[in-house]
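Trainee: I'd like a close look at one part of this model, please, with the charged side chains as the way in. Start wherever the wiring is most interesting to you, then work outwards.

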Amino acid sequence: GIFAGRDASRGLATFCLDKDALRDEYDDLSDLNAVQMESVREWEMQFKEKYDYVGRLLKPGEEPSEYTDEEDTKDHNKQD
């Protein structure tokens with residue numbers, strides 16, 4: 001439940017469940033090292049196998065878009 005509604009990438013990458021490791025807003029993760037980024041990618045693959053993709057967090061200033069289910073999936077797969 002601690003990850004609900006938050007970007008949990010940093011917490012998963014660092015194996016830290018402290019509230020300060022979780023973000024309510026977009027986190028570019030630019031300060032993580034290569035091992036931590038690999039951990040994020042591994043978690044992403046596990047989640048993709050188990051859960052449906054429903055959206056992504058917006059960067060500051062990024063406008064939301066309306067997509068059909070097919071377009072949203074196509075766009076997400078292109079980012080991988």
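Mentor: Let's start with a network of salt bridges that links Arg10, Asp27 and Asp31. A salt bridge here is a side-chain nitrogen of Lys or Arg within 4 Å of a carboxyl oxygen of Asp or Glu. Before we go on, keep in mind that this is a predicted model, in which local features need pLDDT of at least 70, side-chain atom pairs count only at pLDDT 80 or more, and totals for chains, interfaces and linings use all residues. Residues are numbered from 1 along each chain as its sequence is written, and side-chain values use heavy atoms, with hydrogens and water left out.

Now zoom in on arginine 10, which sits in helix 1. Helices here are DSSP runs (H or I, at least four residues; strands would be E, at least two), numbered from the N terminus. Arginine 10 counts as buried because its relative accessibility is 10%; the cut-offs are under 20% relative accessible area for buried, over 50% for exposed, and partly exposed in between, with a 1.4 Å probe and protein chains only.

What does the side chain of arginine 10 meet in a salt bridge? One partner is aspartate 31, at 2.8 Å from N to O. That pair ties together distant parts of the chain, with arginine 10 in helix 1 and aspartate 31 in the loop between helix 1 and helix 2 (34–50), 21 residues apart. The two ends sit in rather unlike surroundings: arginine 10 is buried, whereas aspartate 31 counts as exposed because its relative accessibility is 56%. The side chains of arginine 10 and aspartate 31 are also joined by a polar contact of 2.8 Å. By polar contact I mean a pair of N or O atoms within 3.5 Å; within protein, one must be able to donate a hydrogen and the other to accept it, and residues adjacent in sequence count only if both atoms are side-chain atoms.

Who else is around? Setting aside neighbours within four places in sequence, arginine 10 is in contact (heavy atoms within 4.5 Å) with Ala21, Arg23, Asp27, Leu29, Asp31 and Leu32. Leucine 29 deserves a second glance: this residue lies in the loop between helix 1 and helix 2, and its phi is near 60°, a positive value in a residue other than glycine. Leucine 29 is buried, since its relative accessible area is 10%.

Phenylalanine 15 makes a handy comparison. This residue is also in the loop between helix 1 and helix 2, and its phi, near 55°, is again positive in a residue other than glycine. But phenylalanine 15 is exposed, since its relative accessible area is 63%.

Step back along the chain and you reach arginine 6, in the segment before helix 1 (9–14). Its relative accessibility is 30%, so arginine 6 counts as partly exposed. Beyond its neighbours within four places in sequence, arginine 6 touches Lys19, Leu22, Arg23 and Asp24. With leucine 22, the C-alpha atoms are 6.5 Å apart in space, although 16 residues separate the two in sequence.

Back to charges. A search of the whole structure turns up four salt bridges. One of them joins arginine 41 and glutamate 38, at 3.4 Å from N to O. These two are separated by about one helical turn because they are three residues apart in helix 2. Both count as partly exposed, arginine 41 at 41% relative accessibility and glutamate 38 at 36%. Another links lysine 48 with glutamate 44, whose closest N and O atoms are 3.9 Å apart. That pair also lies in helix 2, four residues apart, about one turn of the helix. Lysine 48, at 32%, is partly exposed, and so is glutamate 44, at 31%.

Last stop, the aromatics. Trp43, Phe47 and Tyr51 form one aromatic cluster, and the structure holds two aromatic pairs. Take phenylalanine 47 and tyrosine 51: their ring centres are 6.0 Å apart and their planes are at 50°, so the pair is tilted. For the record, rings of Phe, Tyr and Trp (its six-membered ring) pair if their centres lie within 6.5 Å, and planes under 30 degrees apart count as stacked, over 60 as edge-to-face and the rest as tilted. Phenylalanine 47, at 35% relative accessibility, is partly exposed, as is tyrosine 51 at 48%.
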